[in-house]
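Subject: Handover of a structure for your study

Dear colleague,

Please find below the structure that I am handing over to you. I would ask you to look through it once before reading my notes.

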Amino acid sequence: MSRIGNAPIEIPQGVEISISKGNFVTVKGPKGELSQQVDPDLILKIEDGVLTVQRPTEQKRHKAMHGLYRSLIANMVEGVTQGFKKELELVGVGYRANSTGQLLELQLGYSHPIMFAIPDEVKVEVISEKGKAPRVVLESIDKQLIGQVAAKIRSFRKPEPYKGKGIRFVGEQIRRKAGKTVAK
């Protein structure tokens, strides 16, 4: 029995959910609008401000889709009400970031700067404080998109285990290794 799939989704004040033919779900809220195609086998019901997702059978595929689509719809509801935020920090000597509009310019110790175009749905902000590592703050209503963009930025220079240099999420713990001087 799927605990995630059976959990009801509370629809907050100011959020409107519409389900069209073929289980196409559209969620409108104060921050924007998101839509998602849901598996046509699943049954979506809205009663008394609560959306529930039900599966028709106990097949393995239906069980997998049940929890997945319930989570995706819940993330859409949370996105249009509160939004999502990811913070990355650049740790390393000379690592810098600059943003002009939707273009992020990163200097990560390579011979050239990396120019990365951020999608229009994601807002980007660079915070550079003296004495602290530069931070890139991403905000969006789409959880999948913001996670994908953050992972792509992190992939330009992943944190290495010896000195910890690279791009990491704020609060991320890096497993450090001892250098070769310990091996004596």
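The notes below describe what was found, taking the helices, the strands, the salt bridges and one loop residue in turn.

Please keep in mind throughout that this is a predicted model.

**The helix α2**

Helix α2 covers residues 60-81. It consists of 22 residues, and the distance from its first C-alpha to its last is 33 Å, close to the 32 Å expected at 1.5 Å a residue. Many of its side chains can be checked on your screen: the buried residues of α2 include His-62, His-66, Tyr-69, Arg-70, Leu-72, Ile-73, Met-76 and Val-77. The glycines Gly-67 and Gly-79 are also buried. Just after the helix comes Gly-83, whose phi is positive, at about 85°.

**The helix α3**

Helix α3 spans residues 143-155. It has 13 residues and reaches 18 Å from first to last C-alpha, close to the expected value of 18 Å at 1.5 Å a residue. At its N-terminal end, Asp-142 acts as a cap: one of its side-chain oxygens is 3.3 Å from the backbone nitrogen of Gln-144.

Which residues of α3 are buried? They are Leu-145, Ile-146, Val-149, Ala-150, Ile-153 and Arg-154. These residues are on the same side of α3, because they cover an arc of only 165° around the axis. The strands against which the buried residues of α3 pack are β7 (84-91), β9 (103-107), β10 (114-117), β12 (135-140) and β13.

**The strands**

Three strands form an open sheet in the order β1-β6-β5, and their pairing is antiparallel. The edge strands of this sheet are β1 (9-10) and β5, each of which pairs on one side only. Between β1 and β6 (residues 50-54) there are two bridges, and the two strands run antiparallel. Within this pair, Ile-9 is placed opposite Leu-51 of β6.

A further antiparallel pair is made by β8 (residues 96-100) and β9, which are joined by five bridges. Here Thr-100 faces Leu-103 of β9. The two strands form a hairpin with two residues between them, and Gly-101 in the turn has a positive phi of about 70°. As noted above, β9 is also one of the strands that the buried residues of α3 pack against.

**The salt bridges**

How many salt bridges does the structure hold? There are seven, and three of them are described here.

In one of them, the side chains of Arg-61 and Asp-41 meet with an N to O distance of 2.5 Å. Arg-61 belongs to helix α2, while Asp-41 is in the loop between β4 (32-37) and β5 (43-47), so the pair ties together parts that are 20 residues apart in sequence. Arg-61 is partly exposed, at 39% relative accessibility, and Asp-41 is likewise partly exposed, at 33%. Asp-39, Asp-41 and Arg-61 are linked in a network of salt bridges.

Another salt bridge joins Glu-172 and Arg-154, with the closest N and O atoms 2.7 Å apart. Glu-172 lies in the segment after β13 (166-169) and Arg-154 lies in α3, so this pair ties together parts that are 18 residues apart in sequence. Glu-172 is partly exposed, with a relative accessible area of 23%, whereas Arg-154 counts as buried at 18%.

The salt bridge between Glu-58 and Arg-55 has its closest N and O atoms 3.1 Å apart. Is each partner buried or exposed? Glu-58 is exposed, with a relative accessible area of 55%, and Arg-55 is buried, with a value of 15%.

**A buried loop residue**

Finally, I would draw your attention to Asn-23, which is located in the loop between β2 (16-20) and β3 (24-29). Although it is a loop residue, Asn-23 is buried, because its relative accessible area is 13%, and buried means under 20%. A polar atom of its side chain is 3.1 Å from the backbone oxygen of Asp-39. Leaving aside residues up to four places away in sequence, Asn-23 touches Gln-36, Gln-37, Val-38, Asp-39, Pro-40, Leu-42 and Leu-44. Asp-39 therefore appears in two places in these notes: as a neighbour of Asn-23 and as a member of the network with Asp-41 and Arg-61.

With kind regards

Technical notes: Residues are numbered from 1 along each chain as its sequence is written. This is a predicted model: local features need pLDDT of at least 70, side-chain atom pairs count only at pLDDT 80 or more; totals for chains, interfaces and linings use all residues. Side-chain values use heavy atoms; hydrogens and water are left out. Helices (H or I, at least four residues) and strands (E, at least two) are DSSP runs, numbered from the N terminus. Buried means under 20% relative accessible area, exposed over 50%, partly exposed in between (1.4 Å probe, protein chains only). A polar contact is a pair of N or O atoms within 3.5 Å; within protein, one must be able to donate a hydrogen and the other to accept it, and residues adjacent in sequence count only if both atoms are side-chain atoms. Contact means heavy atoms within 4.5 Å. A salt bridge is a side-chain nitrogen of Lys or Arg within 4 Å of a carboxyl oxygen of Asp or Glu. The expected span of a helix is 1.5 Å times one less than its number of residues. The arc is that of the directions from the helix axis to the C-beta atoms. Two strands pair if DSSP finds at least two bridges between them.
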